Amino acid sequence: MNNFFNLIENVKYVLKRWYITLLIPVFVSVGMFFLIDNYQQTKDQYTATASFVLAVKDSKKMKTQAGLVGQNYSEALMGTMVSLVKNNRTITHTLREVDGVDEYTPEQLQYIMVPRVRNSITVSPENMICYISYKDSSAKRAKNMVNNLLKQTKKSEKELWGTEAVKILNTAVTPLHKDSHSRVTNLIVMCTFVVSFLMASAGILIRRYI
């Protein structure tokens with residue numbers, strides 16, 4: 001019972017000093033919001049998305065290296081195409097198409113540009129449809145990159161296996177709006193407020209009993 005009354009007393013003591021327990025967290029949270037907002041403005045990106053569908057006319061005539069046919073063949077083929085989108089060959093040809101053949105040395109392509117581009121690619125297969133997204137600070141370049149990734153994937157499939165299962169479903173258009181980070185920002189600001197409130201309250205109680 002004494003512990004309960006002590007808790008009530010502590011809560012009342014903290015609430016009487018609202019100008020510390022509330023104003024400090026508010027100011028800290030507002031400052032955090034502007035810091036995150038300024039940081040995100042320097043990292044703003046656009047996302048462009050294109051898609052293709054796998055049109056398998058006769059799966060019995062088309063086999064993967066694992067020898068899968070029929071229903072399993074479609075799943076294996078989709079997995080292969082997903083890997084092909086992020087393959088070094090596909091990305092290299094895409095960069096040369098978008099930025100120019102002489103823009104990068106072979107070393108720059110292999111060790112810098114290809115890994116950087118791969119990290120900006122998102123491939124999302126859904127049944128027989130595959131969505132390819134690419135993030136870039138330039139809206140136009142995001143569109144050009146994802147459309148050329150789609151083009152090079154289709155071209156590589158034909159050159160490597162002599163098949164034409166990849167059919168372009170939708171090409172990307174230039175994105176009009178930058179990616180939104182409001183959910184992440186709000187979560188960080190809320191956590192900052194809670195932590196600041198707890199620290200301020202703890203500081204007040206420590207000073208009370210010292």
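**Exercise 1. Which residue in S4 does leucine 54 stand opposite?** Use the predicted model to place this pair within its sheet.

*Solution.* Begin with the pair itself: leucine 54 stands opposite valine 166, which belongs to S4. Next, look at the two strands as wholes, where strand S1, made of residues 46-54, pairs with S4 in the antiparallel sense over four bridges. Another of the residue pairs is found by taking valine 53, whose bridge partner in S4 is lysine 167.

Then turn to strand S3, residues 129-136, which runs antiparallel to S1 and is joined to it by eight bridges. Here serine 51 stands opposite tyrosine 131 of S3.

**Exercise 2. Work out in what order the strands of the open sheet lie, and which of them are the edge strands.**

*Solution.* The open sheet holds four strands, and reading across it gives the order S2-S3-S1-S4, with antiparallel pairing. The edge strands are S2, residues 121-126, and S4, residues 166-170, since each of these pairs on one side only. Neighbouring strands of this sheet are turned against each other by 25° on average, if direction is ignored. As general background, the strands of a sheet pair through backbone hydrogen bonds, and they may do so in a parallel or an antiparallel way.

**Exercise 3. Check whether the span of helix H5 agrees with its number of residues, and describe its two ends.**

*Solution.* Helix H5 covers residues 88-99, which makes twelve residues, and at 1.5 Å a residue the expected span is 16 Å. The C-alpha atoms at its ends are 16 Å apart, so the expectation and the model agree.

At the N-terminal end, asparagine 87 acts as a cap, with a side-chain oxygen that lies 2.9 Å from the backbone nitrogen of arginine 89. After the helix comes glycine 100, which has a positive phi near 110°.

**Exercise 4. Decide whether glutamine 152 is buried or exposed, and find which residues it is in contact with.**

*Solution.* First locate the residue: glutamine 152 lies in helix H7, which spans residues 139-161. Its relative accessibility is 4%, and because buried means under 20%, glutamine 152 counts as buried.

Now leave aside the neighbours within four places in sequence, and the contacts of glutamine 152 are Thr90, His93, Thr94 and Glu97. Finally, compare this with the buried residues of H5, which are Thr90, Ile91, Thr92, Thr94 and Leu95: Thr90 and Thr94 appear in both lists.

Conventions. Residues numbered from 1 in each chain as written. Predicted model: local features only at pLDDT ≥ 70, side-chain atom pairs only at ≥ 80, totals over all residues. Heavy atoms only, no water. Pairing = 2+ DSSP bridges. Axes fitted to C-alpha atoms, helices over the stretch in contact; angles between N-to-C directions. Expected span 1.5 Å × (residues − 1). Buried < 20%, exposed > 50% of the residue type's maximum accessible area, 1.4 Å probe, protein only. Polar contact = N/O pair within 3.5 Å; in protein donor to acceptor, adjacent residues only side chain to side chain. Contact = heavy atoms within 4.5 Å.
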